[in-house]
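Thank you all for coming; I would like to take a few minutes to walk through one structure with you, slowly, for anyone who has not looked at it before. Please have the sequence and the model in view as I go.

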Amino acid sequence: MSAKSEAALDAQVERLRTAEAPAVDIGLTLTGRSVFDHRAVLLAAVDGVSEVARGVAGSGSLAVLFSGQGSQRLGMGRGLYTSFPVFADAFDQVLGQLDPGLRTVVWGDDPGVLDQTGWAQPALFAVEVALYRLVESFGVRPDHVAGHSIGEVAAAHVAGVLDLADACRLVTARASLMQRLPAGGAMVAVQASEDDITPT
């Protein structure tokens, strides 16, 4: 980048730093911008000071990561359901294969019920699949999909490894079995080879 371009970018960054517009307005403006090779992004830091991330736009591959249990929240997907028919149709298709009471739990008023594994995992699967179908309807085609925990099943489904009926059977069985585990358990990740952990 030339010194002149760098100076112009610095001036733009300073204007953004001192802007008093609501973050949602700035975000909306950014969605309509042209795609420039050189970008600058403001990131809100914990201490209230902003810093700039700069870089050159690339054309790398696109990946979608589906999250696991813990990302659920009451009301998730309700606004998208009322605003986007593609989301609503996909959500309804998934719920048609799962427990009929799931919609009431997801859009209910008791976070304790939704946090139970037996409800949380099917709820996340339903929302994640519907979100993917919505993004897909906008023309987004990821090169890779991956998932953590229940998100792995969502990734396998949208990749075509599991059809919806099989994916929902797996989600239901997994959530039911995990719900039966004693309370107070934990997960652990071990970085070791098979030889390291195999008893001798």
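Let me begin with a single residue, Phe 87, which is buried, with a relative accessible area of 0%, where anything under 20% counts as buried. I should say at once that we are looking at a predicted model, and I will come to its confidence values shortly.

Phe 87 has a partner in Phe 91, which is likewise buried at a relative accessible area of 0%. Both residues lie in helix α4, four residues apart, which is about one turn of the helix. How are the two rings arranged, stacked or edge-to-face? Phe 87 and Phe 91 form a stacked aromatic pair, with 5.8 Å from centre to centre and 15° between the planes. Ring pairs also carry us beyond these two, since Tyr 81, Phe 87, Phe 91 and Trp 107 are linked by them into a cluster.

Staying with helix α4 for a moment, its buried residues are Phe 87, Ala 88, Ala 90, Phe 91, Val 94 and Leu 95, and what they pack against is α3, α5 (residues 102-106), α7 and α9.

That brings me to confidence. Among the elements of the chain, α4 has the highest mean pLDDT, at 97, whereas strand β2, covering residues 50-56, has the lowest, at 57. Over the whole protein chain the average pLDDT is 83, and 76% of the residues score at least 70. Where pLDDT is low, the predicted coordinates should not be read in detail, and I would ask you to keep that in mind when your eye falls on strand β2, with its mean of 57.

Now for the overall layout. The protein chain contains ten helices and four strands, and, read along the sequence, these follow the pattern α-α-β-β-β-α-α-α-α-α-β-α-α-α. Of its 200 residues, 24% are buried. If we take the contacts between residues at least 6 apart in sequence, 68% of them join residues that are at least 24 apart.

Let me return to the aromatic rings, of which the model has six pairs. One of these pairs is formed by Phe 84 and Phe 138, whose ring centres are 6.0 Å apart and whose planes meet at 75°, so this pair is edge-to-face, given that planes over 60 degrees apart count as such. The pair links distant parts of the chain, with Phe 84 in the loop between α3 (78-83) and α4 (85-95), and Phe 138, 54 residues away, in the loop between α7 (117-137) and β4 (144-147). Are these two rings buried or exposed? Phe 84 is partly exposed, with a relative accessible area of 31%, while Phe 138 is exposed, at 54%.

From there I would like to move to helix α7, where Thr 117 and Gln 121 are both found. Thr 117 is buried, with a relative accessible area of 15%, and Gln 121 also counts as buried, at 0% relative accessibility. Leaving aside neighbours within four places in sequence, Thr 117 is in contact with Gln 69, Pro 122, Ala 175, Met 178 and Gln 179. With the same neighbours set aside for Gln 121, its contacts are Gln 69, Ile 150, Val 171, Arg 174, Ala 175 and Met 178.

Helix α9 holds Ala 167, a residue that is buried with a relative accessible area of 0%. Not counting residues up to four places away in sequence, Ala 167 touches Phe 125, Val 153, His 157 and Leu 162. For one of these, His 157, the separation from Ala 167 is ten residues in sequence and 6.2 Å in space, from C-alpha to C-alpha.

Finally, a word on the surface. The accessible surface of the protein chain comes to about 13100 Å², and 56% of that belongs to carbon and sulfur atoms. Val 188, Val 190 and Ile 197 together make a nonpolar surface patch of about 350 Å². Within this patch, Val 190 sits in the loop between α9 (164-179) and α10 (194-197), and Val 190 is exposed, with a relative accessible area of 61%.

Note on methods:
Residues numbered from 1 in each chain as written. Predicted model: local features only at pLDDT ≥ 70, side-chain atom pairs only at ≥ 80, totals over all residues. Heavy atoms only, no water. Phe/Tyr/Trp six-rings, centres within 6.5 Å; stacked < 30°, edge-to-face > 60°. Helix = DSSP H or I, 4+ residues; strand = E, 2+ residues; numbered from the N terminus. Buried < 20%, exposed > 50% of the residue type's maximum accessible area, 1.4 Å probe, protein only. pLDDT = per-residue confidence, 0-100. Contact = heavy atoms within 4.5 Å. Areas by Shrake-Rupley, 256 points an atom, 1.4 Å probe, with all protein chains shown as cover. Patch = residues over 30% accessible without salt bridge, like charges linked within 9 Å, V, L, I, M, F, W, Y side chains within 5 Å. Salt bridge = Lys/Arg side-chain N within 4 Å of Asp/Glu carboxyl O.
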